[in-house]
Protein chains: 2
Amino acid sequence: MFIGGIEAGGTKMVCAVGDRSGNVQAKQSIPTQDPDETLAKVQTFFSNVELESLGVGSFGPIDLDKNSDTYGMILNTPKTAWKHVDLLGRLQKAFQIPVYVDTDVNAACLAEYHHGAGQDVNSCLYMTIGTGIGAGLVQDGRTFQGQSHPEMGHIITPKHPDDSFAGICPYHGNCLEGMASGPAIEKRYGREGHLLSDEKHVWEIESHYLAHAIAGYTLILSPERIILGGGVMKQDVLFPLVRQKVSELVNGYITLSGMNEFITAPQLDDEQGVKGAIALTAGM
Amino acid sequence: MFIGGIEAGGTKMVCAVGDRSGNVQAKQSIPTQDPDETLAKVQTFFSNVELESLGVGSFGPIDLDKNSDTYGMILNTPKTAWKHVDLLGRLQKAFQIPVYVDTDVNAACLAEYHHGAGQDVNSCLYMTIGTGIGAGLVQDGRTFQGQSHPEMGHIITPKHPDDSFAGICPYHGNCLEGMASGPAIEKRYGREGHLLSDEKHVWEIESHYLAHAIAGYTLILSPERIILGGGVMKQDVLFPLVRQKVSELVNGYITLSGMNEFITAPQLDDEQGVKGAIALTAGM
Ligand SMILES: Nc1ncnc2c1ncn2[C@@H]1O[C@H](COP(=O)(O)OP(=O)(O)O)[C@@H](O)[C@H]1O
Ligand SMILES: Nc1ncnc2c1ncn2[C@@H]1O[C@H](COP(=O)(O)OP(=O)(O)O)[C@@H](O)[C@H]1O
Ligand SMILES: [Zn+2]
Ligand SMILES: [Zn+2]
């Protein structure tokens, strides 16, 4: 018997058939369009295989409070066709097997924990810095889950002294996502991040925000490793800058045994999302 | 059979005999002096009663990583006589019963969760703003525990625009504890907090720091309730100011059903520490 995994994103649903060891036997990407149509295609993809369970790493906001009446339902989203869609309920009905749902970043974190950059530790935080900023935490094989799902990308950090940018988060303006996401970089400098590799001050400022956030996560959640992914982290110069600034910020108050190991890149690329979704079915 | 609880503080050890329902039958406060002497007195207090287990809410830093060789040991502390004292090991040896140890704020949080201001929710964060600033989280009856114990009081928040104070944290200067603890208030204004009740700007600035920290905890940990204790919170004007500012900071991105219920005062006073220590023995 196999396990199904769905990386449910705002632009595409990646569906995969795999097993507990992290192998992926088959995979297909389905564009995220109208819910009925999209979910019908998802069902078709899995129709030839016998699944014992299904895991979903979903875009948000999604209700993950197990005590809530709307558990597993997509909440207020700019993708209006998906607003109030009972994702979990519809998948349970369609497949008649146990379905497990969590956030996309929690799933990514679980994938790295089991099969990637977090294999040798008991807890890790996965942070993505891309179109948005989000993070997930895994401890002893379980994803961390608050009442509503955490919105770690929206914390407010101190401003960089040379930065006069107002930020682009529609909710908070200058929160982390508003100041340091890929679109924030593009808005601030009028060019996309990958065209700014030689502009030292861009990455000085970017690493300031990321380091403050990471120092905060570290002091609050105390993970054993922090894994930084997403498009913006393709900018290699960021890793050493972020490591150095986090070190300065925590300033010996907590032991960070080896910054190079503490803050590291993901090891799973393409299949992180589906491997994470599959892994959701094991621990919960 | 009874349960023992110890609130192990830097100035005193409060020992109590109680039960699972949160009743306290007997209690004694023992000054924290030389470890041998102090622990002998602790043992004497419990010598007449048959205990099934013992819980300890301890001052820090203490090693709480169960995979560590020094689990349960006091780490680098200004109280030099207690440095590297194997608190857990010595209590286990003395009592020959299961001993459970956690941080003092985690224990306080657990006490409020079971018997106080968190009785009606599934998760709560307890934050103390006193000589130091610390916080603990309980989810579904379990205290949250990272690799090393979280140091939530040392996060760095944006500075208040009218505040030029440099902060007093020996590690970070202007971290939350450095800017907003009781001693920080005293240092900034040359007078203790309880003498500053009429100075509006003092509490405007204080609530700025607390609200930024609480908004951060909320976005990262997503607790159902936040309980604010410690000497500084005796300043009643702080509650409405903090609630209002947290509301502004999260700005509708997360639903905070009723700020008056979300951010609230503790309900257990004197016996919070020992009740929490006793409660530690049940869940772990
Ligand atoms: N080399 C790069 N340097 C800086 N930013 C980059 C780089 N490559 C991609 N980005 C930015 O990353 C963002 C996309 O992030 P990505 O993680 O790929 O997608 P998403 O977050 O939508 O899943 C875009 O804003 C893009 O400008
Ligand atoms: N009414 C008050 N207003 C403001 N600060 C106060 C008030 N009462 C006590 N404090 C401050 O609280 C701190 C002591 O906090 P407390 O929680 O009682 O002790 P501890 O943190 O050592 O356990 C001191 O710095 C004191 O100045
Ligand atoms: Zn935001
Ligand atoms: Zn500090």
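**Exercise 1.** How many residue pairs are in polar contact across the interface of chain A and chain B?

*Solution.* Note that the model is predicted.
1. Apply the rule to residues that are both at pLDDT 80 or more: eight residue pairs are in polar contact across the interface of chain A and chain B.
2. Turn to salt bridges. Between chain A and chain B the count is zero.
3. Add the area. About 3100 Å² is buried between the two chains, and carbon and sulfur atoms give 60% of this.

**Exercise 2.** Describe the side of chain A that touches chain B.

*Solution.*
1. Find the elements. Strand 7 (133-139), helix 6 (200-221) and helix 7 (238-250) of chain A each supply at least two residues of that side.
2. Rank them. Helix 6 of chain A gives the largest share, six residues.
3. Sort by class. The side of chain A that touches chain B has 17 nonpolar, 14 polar and three charged residues.
4. Count both partners. Chain A brings 34 residues to the contact, and chain B brings 34 residues.

**Exercise 3.** Check the length of helix 7 of chain B, then locate its buried residues.

*Solution.*
1. Helix 7 of chain B covers residues 238-250, which is 13 residues.
2. At 1.5 Å a residue, this helix should span 18 Å.
3. Its end C-alpha atoms lie 18 Å apart, so the two values agree.
4. List the buried residues. Among them are B:Leu238, B:Leu241, B:Val242, B:Lys245, B:Val246 and B:Leu249.
5. Find the cover. It includes helix 6 (200-221), strand 9 (225-229), helix 8 (259-262) and strand 10 (263-264) of chain B.
6. Look past the end. Just after helix 7 of chain B, B:Asn251 has a positive phi of about 45°.

Note on methods
Residues are numbered from 1 along each chain as its sequence is written. Chains are lettered from A and ligands numbered from 1 in the order in which they are written. This is a predicted model: local features need pLDDT of at least 70, side-chain atom pairs count only at pLDDT 80 or more; totals for chains, interfaces and linings use all residues. Side-chain values use heavy atoms; hydrogens and water are left out. Helices (H or I, at least four residues) and strands (E, at least two) are DSSP runs, numbered from the N terminus. The expected span of a helix is 1.5 Å times one less than its number of residues. Buried means under 20% relative accessible area, exposed over 50%, partly exposed in between (1.4 Å probe, protein chains only). Contact means heavy atoms within 4.5 Å. Buried area is the accessible area (1.4 Å probe) that two parts lose on being put together, summed over both. A salt bridge is a side-chain nitrogen of Lys or Arg within 4 Å of a carboxyl oxygen of Asp or Glu. A polar contact is a pair of N or O atoms within 3.5 Å; within protein, one must be able to donate a hydrogen and the other to accept it, and residues adjacent in sequence count only if both atoms are side-chain atoms. Ala, Val, Leu, Ile, Met, Phe, Trp, Tyr, Cys and Pro count as nonpolar, Asp, Glu, Lys and Arg as charged, and the others, Gly among them, as polar.
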